[in-house]
Amino acid sequence: MKPHAPQPPFRLSAPSRRPRILAHSIALAFAGTLAAHADDDIQKVIVTAQSRAQSLQEVPISMEVVTARDIQNLGARNLGDITGYLPGLQVDATQPTQPVFGIRGVQAGDFGIGTDTPVGIYVDGVYTGKTGGALMNFVDIQRVEVLKGPQGTLFGRNSAAGAISVVTNEPEASFDATGRIKVGDYGRVDADAMLNVPLGDSTAARLVFVRARSDGWVRNTSTGNRTAGDNTWATRLSVRQKVRDATLILSWEHEQLRQNGWPAFGVVKDPALPFAGYTGVYDAAYVANFSDPRKAPLQNDTDGRESRNFDGVTLRAEIPIGGATLRSTTAFRTFSSLNLTDNDGTARVDFRLATQDQKKAYNWQQDFKLSGATDKLDWIAGASFYDNRERQNSAAIVNTATLDSLSLMQGGAPDFATLFGGLGMAGVPGVDQNSVFSWQEDNLAKLRTRAFSIYGDLIWRLAPGTRLTTGLRWSRDRKEMQWQVPGRQSAALDSLLNTYGPAAGLDASALPSNIIFAAAGPLAATPVNATRSWTDWSPRLVLDHKLNEDLLLFASLSRGYQAGGFNVFTPPNPGSANPRERDPSFNPEKMTNLELGFKLSAPALRATINGSLFAYRFKNLQDVKLGGSSAIPTYNIINSDQQAKGLDLDARIRISPRLTAFAGMELIDQTYQRYQTTDSSGAALNLSGQPVGTPSFTGMAGINANWEALNGRMSATLQGNYHGKSRCNDDTRALQCLNAPAFRTGTSGGKADLRLGWDASNGKFGIGLLVNNLFDQRYVYNLDGQTKAFGLPYASVTPPRTFALELRGSL
């Protein structure tokens, strides 16, 4: 069972789907045109989106670029902090060990190892996966490229909806050293340092250290501890070696994360509820009792905890071969993570539910690319191999009082209270009807994934200013899954029953082995295995033409592929009459995208404007949904077909050498083409033709100014974003578009961020003031959770305004 992790912004589908909202803003902006580019010529921004070094304005792909200066302006620590400032990008970093990524509304909230995400995350060309190792600290970042639409030809099976490519700085031939420290409210202390040292004519090394820590902006009144903070550190050591004409770069990176879990704000404070008012429907009478979680105290019986250890080693080589260049990337990654979260949003003993998710993964990757160019043709051919081994232990932690409450809510009796009362009356010491014993159930899973692909990409120069790009990738994926659901862990309860029960003809064996994971049945008490393989061809076709030196027009048709997968909570049951139970695997995801776009530079106005019209169909999106026949709903995979059409625009104008304005927007109409699910009562629900949840409009704008002062340069960047209200459907309307007297969900909103800075004239020293959420706008989102089925949903709340002072120095 998944610890609480709200969906990224704007994808409010079924209750299964934990609503996603602002994570730190809401999707929109413009890439490569953030305020940070006030002193840059955007035409000179070089990207490698097509595995070739090209100017951003020359690449016929709808994409965004964030530079190191953009990251500094926002005070961003990871991808989650830039999610409000790129059109169409959603990143839910609420729980860094279980992040969720989306592009143009396509995102999947599954946290299980049996499926993959449709958005591929790559760091220096290395795929980082979708679970514990996908969201890392920004460590000495050069730029972040966000490519929208299928990128299957060049990036592979993990980029059906798009790709995010993070590029780090390489060791350089000259000595350099920088350091930065940032202090702020809520105990914020961040620091980073970089040392670049030449070790000879052909050798250089670069060492980077990053530290981020805060106490958190809310205190759990039940335990007295603060939460919603962070506590991480990371380092990277890289060495660059020239061997004749070849270049080798060997890097090692390490990260440790130790912090409390995200707070779950309960909205039902009346202890008489839900027994006295919840009838299975969130009607006006019941939601009238909800309190505003932005004002009510946090009361969790579990503080929660997130931890991660990550290590990675990468060897990159670039070797000239005749008129071509061979690029090889060899990488090994391993991580272990833990996520413990309060899942009832209260400190009530009679409804205690915590969930714990543990993962451990090992993978290695090998990629070869051979490229070359002639007067008429620019070509790339390659092959890649990926081998991943991963384990997952998902645990539900409750107690006997919780199980009695669930029994009562379902029309049963408080069996444990009755049992303990009887034992107390029989003279068993220290036991009565109010006794409570712990009860934990585990779902164990193992996965091995092996993927192999070959691909080619050709850019044909048909005529001056006209190019035709053709690309094709063949992929084969094989997944081997193992499930096991051992018996409950309830040592104290079992000891009690085995000691005093025999006299009454009762012992621990009389209790069910599992209640929460009962749907798995006895079949998975011992390991159960399944294997599936899939193959795919992913093509792309792009025609672009430079109407003149300043205007590029392009049209593209591409398809992306995502391997099939398995439901981590549903082991195969060959004897079942239900086909889904006999074979819990899922078909591959496939996305087809048509795009018409332009990239315009207006040197006379010192302006750029980029735009694209897009339309896509996404088949078999694997997503997580609460449901099942267990006492407590568990998360299961359900497929849907989706479609959308929309418009992306971003613009920037340098009004004067000291003043730059920028803006961006996305319009999108996203609906289910096919989605059969169930409502909270288990009744069939057809959402075909209804909205997925993504707001129709998201936008951002900002301004950057700089001027000479105090023997240096002052700068100011003010930027904000806005999103429309969520487009709810019949499955999400009850809670994700709630209009209660105390608060609302699914509303429109946004936030603004401000940075004021001063840099010395020699560039060796600087100071800055950062204000995030300048106007202290707070929103309630993710009103959901496993106990919502019993009248106790919990909410997440966006962070308050924060201040930080930053000092920077370099040698």
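The legends below accompany close-up views of a predicted model.

**View 1. Five strands form an open sheet.** The strands follow the order β3-β9-β10-β7-β8, and their pairing is mixed. At the edges lie β3 (63–67) and β8 (126–127), each of which pairs on one side only. Within the sheet, strand β7 (residues 119–123) and strand β10 (residues 162–168) run parallel and are joined by five bridges. One residue to locate in this view is V123, whose bridge partner in β10 is V166.

**View 2. A disulfide joins C728 to C737.** The structure holds one disulfide. A disulfide is a covalent bond between the sulfur atoms of two cysteines. Here the distance from S to S is 1.6 Å. The link of C728 and C737 is right-handed, with 80 degrees about the S-S bond. The surroundings of each cysteine can be described by relative accessibility. C728 has a value of 11% and therefore counts as buried, whereas C737, at 24%, counts as partly exposed.

**View 3. The largest nonpolar core contains 37 residues.** The members that touch the most other members are L79, F101, V144, I164, Y616 and F618. Several elements give two or more residues to this core, among them α1 (68–74), β4 (89–92), β5 (100–103), β9 (141–148) and β32 (659–674). Strands β7 and β10 are also listed among these elements. The element that gives the most is β30, with four residues. A second core is separate from this one and has 19 residues, including V268, Y286, V287 and L735.

**View 4. Y122 and Y127 form an aromatic pair.** A search of the whole structure finds 24 aromatic pairs. A pair of aromatic rings is described by the distance of the centres and the angle of the planes. For Y122 and Y127, the centres are 5.6 Å apart and the planes stand at 50 degrees, so the pair is tilted. Both Y122 and Y127 are buried.

**View 5. F416 and W439 form an edge-to-face pair.** The ring centres of F416 and W439 are 5.8 Å apart, and the pair counts as edge-to-face because the planes stand at 70 degrees. F416 belongs to helix α5 (residues 415–425) and W439 to strand β23 (residues 438–463), so the pair ties together parts that are 23 residues apart in sequence. F416 has a relative accessible area of 8% and is buried. W439 also counts as buried, at 0% relative accessibility.

**View 6. Ring pairs link five named residues into a cluster.** The members shown are Y278, Y282, Y286, F290 and F743. Of these, Y286 is also included in the second nonpolar core, the one of 19 residues.

**View 7. Two arginines lie over aromatic rings.** The charged end of R104 sits over the ring of F614, at 3.8 Å from the centre of that ring. R778 lies over the face of W217, and the distance to the ring centre is 5.2 Å.

**View 8. T355 makes a polar contact with N343.** T355 is placed in strand β21 (residues 354–373). At 0% relative accessibility, T355 counts as buried. The contact runs from the side chain of T355 to the side chain of N343, at 3.1 Å. From C-alpha to C-alpha, T355 and D415 are 23 Å apart in space, and they are 60 residues apart in sequence.

Methods: Residues numbered from 1 in each chain as written. Heavy atoms only, no water. Pairing = 2+ DSSP bridges. Disulfide = S-S within 2.5 Å. Buried < 20%, exposed > 50% of the residue type's maximum accessible area, 1.4 Å probe, protein only. Core = buried A, V, L, I, M, F, W, Y, C linked by side-chain atoms within 4.5 Å. Phe/Tyr/Trp six-rings, centres within 6.5 Å; stacked < 30°, edge-to-face > 60°. Lys NZ or Arg CZ within 6 Å of the ring centre and 35° of its normal. Polar contact = N/O pair within 3.5 Å; in protein donor to acceptor, adjacent residues only side chain to side chain.
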